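Open the model in your viewer and start with a plain cartoon. We will go through it stop by stop, with something to select at each one.

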Amino acid sequence: MNYLACGNPRQYNAFKVLNDLSIMTVLNPFDPLLVGTVPIEIDLPTSDLDIICHFQDAMIFRDFLIQEYSKYKDFSVKSTVVDSIERVVCYFTYGKWMVEIFGQPKSTFQQNGYKHMIIEYRILSLLGIKAKKRIIELKSRGIKTEPAFGHLLKIQGDPYKVLLEMYQWNEEQLQEYLRFISIDCD
């Protein structure tokens with residue numbers, strides 16, 4: 001997380017907020033990772049801080065989140081089951097940031113939020129600043145991150161699933177696919 005302290009102004013502000021909350025220390029038993037748009041610099045002023053966690057027991061994790069974060073503005077927590085996997089999501093506001101804490105009984109490095117962020121970073125690293133600006137522009141029009149990448153890459157089908165498949169690709173496969181991508185403006 002220290003890279004945020006040396007990043008752009010929003011990353012530095014996110015670093016301060018996360019440190020003020022000691023959130024990574026507090027959530028340490030749940031292997032927290034900051035994911036999403038802020039770490040890869042494609043966030044908007046309205047973007048939230050997305051932290052993913054790994055839990056063994058959904059009720060224990062939910063109760064922990066209530067104990068630690070219910071004092072903050074706009075607090076909410078909900079539990080759901082998606083594809084037979086329990087999920088707990090907590091939201092609250094701290095300063096100018098909405099914080100989202102997401103947990104499931106799956107290693108944080110195996111969760112879709114982490115995998116999406118990594119493949120998006122790899123794509124942007126290969127395509128450069130023009131692609132990053134295009135993604136931000138698409139997001140500013142209300143398009144979610146993965147669909148924005150789907151638009152940029154002209155993905156046929158579900159961009160969430162295709163990006164997860166691309167996560168498995170080696171650099172040569174990714175470079176070959178991206179070789180034919182031209183960054184255009186609508």
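**The whole chain.** Follow the cartoon from the N terminus and the elements come in the order α-α-α-β-β-α-β-β-β-α-α-α-α-α. That makes 9 helices and 5 strands. Keep in mind as you look around that this is a predicted model.

Zoom out until everything fits on the screen. Along the principal axes, the C-alpha atoms fill a box of roughly 50 × 40 × 25 Å. The radius of gyration is 17 Å, which agrees with the value near 16 Å for a compact globule of 186 residues. Of those 186 residues, 45% are buried. If you turn on a surface, you will see about 10,100 Å² exposed, with carbon and sulfur atoms supplying 52% of it. Among contacts with a separation of 6 or more, 57% link residues 24 or more positions apart.

**The largest pocket.** Where is empty space left? Rolling a probe the size of a water molecule over the atoms shows it. The largest pocket has a volume of about 1,000 Å³. Select Asp-50, Glu-100, Gly-113, Glu-146 and Tyr-160: of the 34 lining residues, these are the closest to the pocket's centre.

Now colour the elements around the pocket. At least two lining residues come from each of β2, β4 (85–94), β5 (97–104), α5 (112–127), α7 (145–153) and α8 (159–167). Which of the elements gives the most to the lining? Select α5, which contributes 5 residues. By type, the lining holds 13 nonpolar, 10 polar and 11 charged residues.

**Helix α7.** Stay with α7, a mostly covered helix in which 7 of 9 residues are buried. Show side chains for the buried set: Thr-145, Glu-146, Ala-148, Phe-149, Gly-150, Leu-152 and Leu-153. Glu-146 is a residue you have already met, as one of those closest to the pocket's centre. Then bring up the surroundings, since the cover over the buried residues includes α5, α6 (129–140), α8 and α9 (171–178).

**Two positive phi angles.** Step just past the end of α7 to Lys-154, where phi is positive at about 55 degrees. Lys-154 belongs to the loop between α7 and α8, and its 45% relative accessibility makes it partly exposed. Such a value is worth a look because most residues other than glycine have a negative phi.

Next, select Asp-83 in the loop between β3 (73–82) and β4. Asp-83 is not a glycine either, yet has a positive phi of about 50 degrees. Is Asp-83 buried or exposed? Its relative accessible area is 68%, so Asp-83 counts as exposed.

**Val-88, inside β4.** From that loop, move into strand β4 and pick Val-88. With a relative accessible area of 0%, Val-88 is buried. Beyond its neighbours within four places in sequence, Val-88 has contacts that include Phe-55, Phe-61, Leu-65, Val-77, Ile-101 and Phe-102. For a distance check, draw a line to Cys-53: the two C-alpha atoms are 9.4 Å apart, for residues separated by 35 places along the chain.

**Last stop: Thr-37.** Go to the loop between β1 (33–35) and β2 (49–54) and select Thr-37. Although Thr-37 sits in a loop, its relative accessible area is 8%, so this residue is buried. Setting aside residues up to four places away in sequence, Thr-37 touches Ile-42, Asp-43, Ser-47, Lys-139 and Thr-145. Thr-145 takes you back to α7, where it is one of the buried residues.

Note on methods: Residues are numbered from 1 along each chain as its sequence is written. This is a predicted model: local features need pLDDT of at least 70, side-chain atom pairs count only at pLDDT 80 or more; totals for chains, interfaces and linings use all residues. Side-chain values use heavy atoms; hydrogens and water are left out. Helices (H or I, at least four residues) and strands (E, at least two) are DSSP runs, numbered from the N terminus. Buried means under 20% relative accessible area, exposed over 50%, partly exposed in between (1.4 Å probe, protein chains only). Contact means heavy atoms within 4.5 Å. On a 1 Å grid over the protein atoms alone, a cavity is a set of points where a 1.4 Å probe fits but cannot get out, and a pocket is an open set with protein on both sides within 12 Å along at least five of seven lines; lining residues have an atom within 4 Å of a point. Grid points are joined across faces, edges and corners, and a volume is the space filled by probe spheres set on the points. Ala, Val, Leu, Ile, Met, Phe, Trp, Tyr, Cys and Pro count as nonpolar, Asp, Glu, Lys and Arg as charged, and the others, Gly among them, as polar. The radius of gyration is taken over C-alpha atoms; the globule rule is 2.2 Å times the number of residues to the power 0.38. Accessible areas come from the Shrake-Rupley method with a 1.4 Å probe; for residues, only the protein chains shown count as cover.
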